[in-house]
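Hi,

Here is the structure I promised to pass on to you. Have a look at it first, and then read on for what turned up in it.

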Amino acid sequence: MNERSRAIISGMSGDTALRPGPGPFAQRIGITTAGLSILFAVLAPAASEPLGFLTRLLFWALHIGIGLGLCLLAAAGWLRMAPRLRDWRLVLLAGATGVLLFAPIAWGLELLFPVGGQSGADSETAHTIAAGSWLGAVAVEALELAPPFLATWLVINLEPIAAAMRRDDGGPSSRSFTLAAVEETTDSADEPPRPPHDDPAHAEQFESRLPAAIGDEVLAVSSDLHYLQVVTRRGRAMVLGSLAEVEASYGDAGLRIHRSHWVHLDAVSRLRRTGDRWQVELVNGARLPVSRRKRSEVSTRLGRDFVREDAAG
């Protein structure tokens with residue numbers, strides 16, 4: 001890769017293209033939880049009206065945060081059980097499962113924050129059903145939670161769903177589920193030859209899910225909850241999947257350097273060791289942390305003082 005291409009890519013990503021910490025989707029969950037909690041604390045709907053402001057804020061933060069967190073866990077579980085489920089069905093199943101898991105917790109939270117906000121026919125029906133058993137109370141809670149929670153969960157995932165629909169051109173990758181924001185960063189004429197893969201068939205299946213705009217020469221992949229942040233030589237995007245799938249697709253052509261990060265070996269520029277801190281630097285200038293558990297493997301595969309010849313300067 002020439003200096004011009006390196007500068008263009010670095011301008012897009014710098015050292016933060018795949019920075020450690022929460023990814024875009026995780027940040028979206030956090031922002032949604034904080035925003036809705038503050039909104040409901042200010043508006044004081046009937047479910048929390050008798051509570052003080054700070055107590056209302058805590059009430060809604062627990063409800064929204066735990067509920068969305070369980071949706072994320074459900075998405076990860078479904079993705080593990082059905083790895084080919086990478087479209088709107090995963091989002092819907094995860095949301096429905098999350099509601100079912102959260103219903104008993106929400107019922108417990110209402111006991112912890114007694115507000116007595118129900119009235120009228122709905123309250124009478126709820127008490128009638130719930131009077132029979134604890135299971136009935138949880139069932140009522142799930143029915144009440146389903147509409148707002150599913151709506152919120154779908155809105156959070158709306159951008160990736162819309163992106164997949166916009167990309168529906170009837171081709172083999174039209175069913176893939178990708179984030180809308182895709183950035184092109186360099187001309188194809190400046191790109192080096194495509195690196196060899198240990199398992200071309202599996203690698204091509206993974207690459208076929210990437211937007212055409214970013215190409216298929218993968219540099220690194222980072223996990224972001226039930227999504228993957230994929231960086232190529234031409235840009236970056238987000239797709240549903242797991243790092244285990246990436247490892248299986250590329251085999252010895254890549255290396256898992258951290259619980260949350262995988263790199264293609266041909267994309268590694270150097271291994272940096274500063275005191276007790278290890279980082280892998282990529283050809284686009286991004287740096288990813290090497291976990292303590294992975295240092296032995298990284299040393300074996302790269303050597304403790306690895307520097308690619310064209311990056312020595």
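Glu-297 is partly exposed, because its relative accessibility is 34%. Its side chain meets that of Lys-294 in a salt bridge, with N and O 3.7 Å apart. Lys-294 is partly exposed too, with a relative accessible area of 23%. Please keep in mind as you read that this is a predicted model.

The count of salt bridges comes to eight. Three residues are worth finding together: Arg-272, Glu-281 and Arg-287 are linked in a network of salt bridges. Which residue do both arginines reach? Arg-272 forms a salt bridge with Glu-281, where the closest N and O atoms are 2.4 Å apart, and Arg-287 meets Glu-281 at 3.5 Å, N to O. Is Glu-281 buried or exposed? Glu-281 has a relative accessible area of 12%, so it counts as buried. Arg-272 is partly exposed at 28%, and Arg-287 is partly exposed, with 28% relative accessibility.

Arg-272 also leads to another part of the chain. Its C-alpha atom is 8.2 Å from that of Phe-306, although the two residues are 34 apart along the chain. Phe-306 sits in the segment after α10, which covers residues 295–302. With a relative accessible area of 18%, under the 20% cut-off, Phe-306 is buried.

Now to the helices, starting with α4. This helix has 25 residues, and its first and last C-alpha atoms are 35 Å apart, close to the 36 Å expected at 1.5 Å a residue. Where does α4 bend? The bend is at Ala-103, by about 40 degrees, and a proline, Pro-104, follows within four residues. Ala-103 is also among the buried residues of α4, as are Gly-95, Gly-98, Val-99 and Phe-102.

Helix α6 can be read in a similar way. It runs over residues 134–156, and its 23 residues should span 33 Å at 1.5 Å a residue; the end C-alpha atoms are 31 Å apart, which agrees. The helix bends by about 45 degrees at Ala-146, with a proline, Pro-147, following within four residues. Among the buried residues of α6 are Val-138, Glu-141, Ala-142, Leu-145, Phe-149 and Trp-153. Some of these are separated by three or four places, and here a general point helps. An α-helix has 3.6 residues a turn, so residues three or four places apart point the same way.

Is Leu-143, also in α6, buried or exposed? At 64% relative accessibility, Leu-143 counts as exposed, because the cut-off is over 50%. The C-alpha atoms of Leu-143 and Val-99 are 8.9 Å apart, with their positions 44 residues apart along the chain. Val-99 is one of the buried residues of α4.

Next, the inside of the model. How many residues make up the largest nonpolar core? It has 29, and those with the most contacts inside it are Phe-25, Ile-29, Leu-68, Phe-102, Leu-145 and Trp-153. At least two residues of this core come from each of α2, α3, α4, α6 and β3. Helix α3 gives the most, with ten residues. As a general rule, nonpolar side chains tend to be buried together in soluble globular proteins.

Some nonpolar side chains are on the surface, however. Ile-38, Leu-39, Val-42, Leu-43, Phe-53 and Leu-54 make a nonpolar surface patch of about 600 Å². The elements that give two or more residues to this patch are α2 (24–43) and α3 (53–81). The largest share, four residues, comes from α2. Leu-39 lies in helix α2, and its relative accessibility of 41% is why it counts as partly exposed.

One last residue to look up is Ala-44, in the loop between α2 and α3. Its phi is near 50 degrees, a positive value in a residue other than glycine. Most residues other than glycine have a negative phi. Ala-44 counts as buried, because its relative accessibility is 17%.

Enjoy exploring it!

Best wishes

Terms used
Residues are numbered from 1 along each chain as its sequence is written. This is a predicted model: local features need pLDDT of at least 70, side-chain atom pairs count only at pLDDT 80 or more; totals for chains, interfaces and linings use all residues. Side-chain values use heavy atoms; hydrogens and water are left out. Patches are made of residues with over 30% relative accessible area and no salt bridge: like charges are joined within 9 Å, nonpolar side chains (Val, Leu, Ile, Met, Phe, Trp, Tyr) within 5 Å. Accessible areas come from the Shrake-Rupley method with a 1.4 Å probe; for residues, only the protein chains shown count as cover. A salt bridge is a side-chain nitrogen of Lys or Arg within 4 Å of a carboxyl oxygen of Asp or Glu. Buried means under 20% relative accessible area, exposed over 50%, partly exposed in between (1.4 Å probe, protein chains only). The expected span of a helix is 1.5 Å times one less than its number of residues. The bend at a residue is the angle between axes fitted to the seven residues ending there and the seven starting there. A nonpolar core is a set of buried Ala, Val, Leu, Ile, Met, Phe, Trp, Tyr and Cys residues joined through side-chain atoms within 4.5 Å.
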